[in-house]
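Visitor: I would like a close look at one part of this model, with the terms explained as we go.

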Amino acid sequence: MVEVTVTPQSSLADRPVQIRVRGLSPSQLVTLRAWLKDEQGECFQSRAFFRADRAGEVDPRLHAALGGSYSGVWPMGLFWFLQPDTLFRRLVKRDVAGSPFCVRLEVFDGLCLGMDVREQPLGSCEAERWYMGPGVQRVPIREGRVRGALFLPP
């Protein structure tokens with residue numbers, strides 16, 4: 001059974017996480033895909049192609065992506081290279097205090113360039129990416145033409 005894990009499963013958006021895939025065949029070629037829907041329902045996704053090691057594992061911290069949204073060793077590449085399905089859309093989190101972005105990570109057998117809705121992943125998991133830590137206070141700033149927010153730690 002193929003298992004995809006993200007450690008920690010819930011974290012702040014600027015903190016690194018560890019992504020691992022286990023239970024693959026040695027040297028198996030797979031596509032690792034990350035995707036999320038923003039607050040307007042727009043889909044953002046990235047994908048990277050990997051070859052499993054001798055133990056049947058993929059770890060983006062150690063293994064180079066062979067192609068896809070990026071290539072080379074990028075431990076957080078699946079998060080950093082998220083692209084919108086609709087051109088000219090930006091990934092923006094408006095409700096930073098109320099809810100996280102829930103990023104779905106899926107692994108598929110072989111090279112998957114376009115995602116067929118009928119294709120079932122070998123394994124999947126979900127990661128929560130929060131934009132505000134517990135106890136942080138958000139203070140809106142409006143001074144003249146300046147607009148912003150001040151985040152005060154507990």
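Visitor: Let us take the surface, and then the loops. How much area does the protein expose, and what share of it do carbon and sulfur atoms supply?

Guide: The protein exposes about 9200 Å², and carbon and sulfur atoms supply 53% of that area. Accessible areas come from the Shrake-Rupley method with a 1.4 Å probe, and for residues only the protein chains shown count as cover. This is a predicted model, in which local features need pLDDT of at least 70 and side-chain atom pairs count only at pLDDT 80 or more, while totals for chains, interfaces and linings use all residues. Residues are numbered from 1 along each chain as its sequence is written, and side-chain values use heavy atoms, with hydrogens and water left out.

Of the 154 residues, 38% are buried; buried means under 20% relative accessible area, exposed over 50%, and partly exposed in between (1.4 Å probe, protein chains only). The protein has 1 helix and 11 strands; these are DSSP runs numbered from the N terminus (helices H or I, at least four residues; strands E, at least two).

Now the loops. Proline 8 sits between strand 1 (3-7) and strand 2 (10-12), and a cis peptide bond with omega of about -10 degrees joins threonine 7 to proline 8. Most peptide bonds are trans, and most residues other than glycine have a negative phi. Serine 27, in the loop between strand 3 (18-22) and strand 4 (29-37), has a positive phi of about 65 degrees. Serine 27 is partly exposed, at 41% relative accessible area. Phenylalanine 88, in the loop between strand 7 (83-84) and strand 8 (101-109), has a positive phi of about 70 degrees. With 79% relative accessibility, phenylalanine 88 is exposed.
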